[in-house]
Amino acid sequence: MNAGKGTQMNVHLKKVLLALVLVSGVVAEAEAATPVPSGRWSFVFNDQRGRADRPIRVYTYRGKKCDSTCPIVFLLSGEKRNAYDYLGFWDYVADRNNLILVAPEFLKDRWPRAAGYQLGDIGEQKDREKWSYAAIEHIFDEIRDGQKDYMIFGHGAGAQFVQRMAFLLPNNRASTMVLGNAGWYLMPEWRKDKGATSYPYSLVDSPVPLGEAEVRQALAKRIIVLAGDADAEPDAENLNQNAAGKKQGDSRIDRGENFVKAGTTAAQELGVKFGWQLVELPPAAQDAQAVSRAASDQLGLKR
């Protein structure tokens with residue numbers, strides 16, 4: 001063999017090896033670390049990138065005709081933290097639309113009070129990777145099998161979780177965020193001279209740096225705000241009744257409307273795309289199952 005042929009073979013071999021490395025890299029990225037099997041299942045997620053000291057049981061349901069690459073929908077439960085129950089509200093939707101449902105259980109003894117769950121635990125943790133919101137992104141990386149994004153629905157306290165996640169973790173990969181009957185909101189205001197009530201009712205004086213950049217990203221997200229038109233009683237259960245809460249409105253529907261109006265104003269002032277939508281729920285759609293049904297309708301899913 002002459003030197004020229006030997007050189008050509010070496011170059012060819014290097015190209016083959018490089019191609020193999022690239023292919024194996026793509027395969028490694030696509031394969032799920034924890035594949036979600038068909039039907040109902042659960043696993044304990046030890047978040048090594050976040051709060052490894054707070055393991056999260058993750059309940060899942062994969063539709064009957066669905067493989068591991070189907071679209072993913074995260075379900076965030078209300079104040080009861082009853083994650084498993086939400087699979088029952090959505091499993092028929094998953095079967096008809098070929099979805100994977102993922103319901104993380106943020107237990108009260110591990111993520112205590114509103115501060116630990118819907119407020120993200122950011123008062124205790126300045127590291128974003130340790131917030132409750134970041135756990136959603138970490139679980140997504142654990143189970144995804146090539147999916148680039150996910151949908152997420154939260155009800156009650158879970159709606160507050162999802163809404164705040166849009167601002168506090170704006171680089172999240174949610175394609176659509178649905179808020180079902182939140183009791184109060186983090187208003188899209190970061191400027192101290194606008195008279196907004198301080199954090200956690202707006203971004204003003206937040207414990208971590210938050211401002212215009214985060215608001216811009218959140219305003220562009222597809223966010224569907226569901227608020228019940230029958231929930232007009234100021235003394236409704238779990239409705240924030242302090243002065244800051246009442247400043248947002250007397251009822252959930254008032255507060256939802258004011259939240260979307262504030263977002264509309266901010267988007268106009270900043271000259272950015274606005275992706276939010278307010279949907280009024282019918283009088284009968286107040287409990288978790290009915291609000292879940294309304295959320296699936298707004299996502300364009302078959303029932």
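This report describes the overall make-up of one protein chain, one of its helices and its nonpolar cores.

The model is predicted, so local features need pLDDT of at least 70 and side-chain atom pairs count only at pLDDT 80 or more, while totals for chains, interfaces and linings use all residues. Residues are numbered from 1 along each chain as its sequence is written, and side-chain values use heavy atoms, with hydrogens and water left out.

The protein chain holds nine helices and eight strands, which are DSSP runs numbered from the N terminus (helices: H or I, at least four residues; strands: E, at least two). Of its 303 residues, 54% count as buried, that is, under 20% relative accessible area with a 1.4 Å probe, protein chains only.

In helix H6, which spans residues 212–220, Glu-214, Val-215, Ala-218 and Leu-219 are buried. They lie on the same side of H6 because they cover an arc of only 130 degrees around the axis, the arc being that of the directions from the helix axis to the C-beta atoms. The cover over these buried residues includes the elements in the table.

| Element | Residues |
|---|---|
| helix H5 | 157–168 |
| strand S7 | 222–228 |
| helix H8 | 252–270 |
| strand S8 | 276–281 |

A nonpolar core is a set of buried Ala, Val, Leu, Ile, Met, Phe, Trp, Tyr and Cys residues joined through side-chain atoms within 4.5 Å. In the largest one, which has 58 residues, Phe-74 and Ile-152 touch the most other members, and H5 gives the most to this core, with eight residues. A second, separate core has 29 residues, among them Tyr-61 and Leu-281.

Notes. Buried means under 20% relative accessible area, exposed over 50%, partly exposed in between (1.4 Å probe, protein chains only). Contact means heavy atoms within 4.5 Å.
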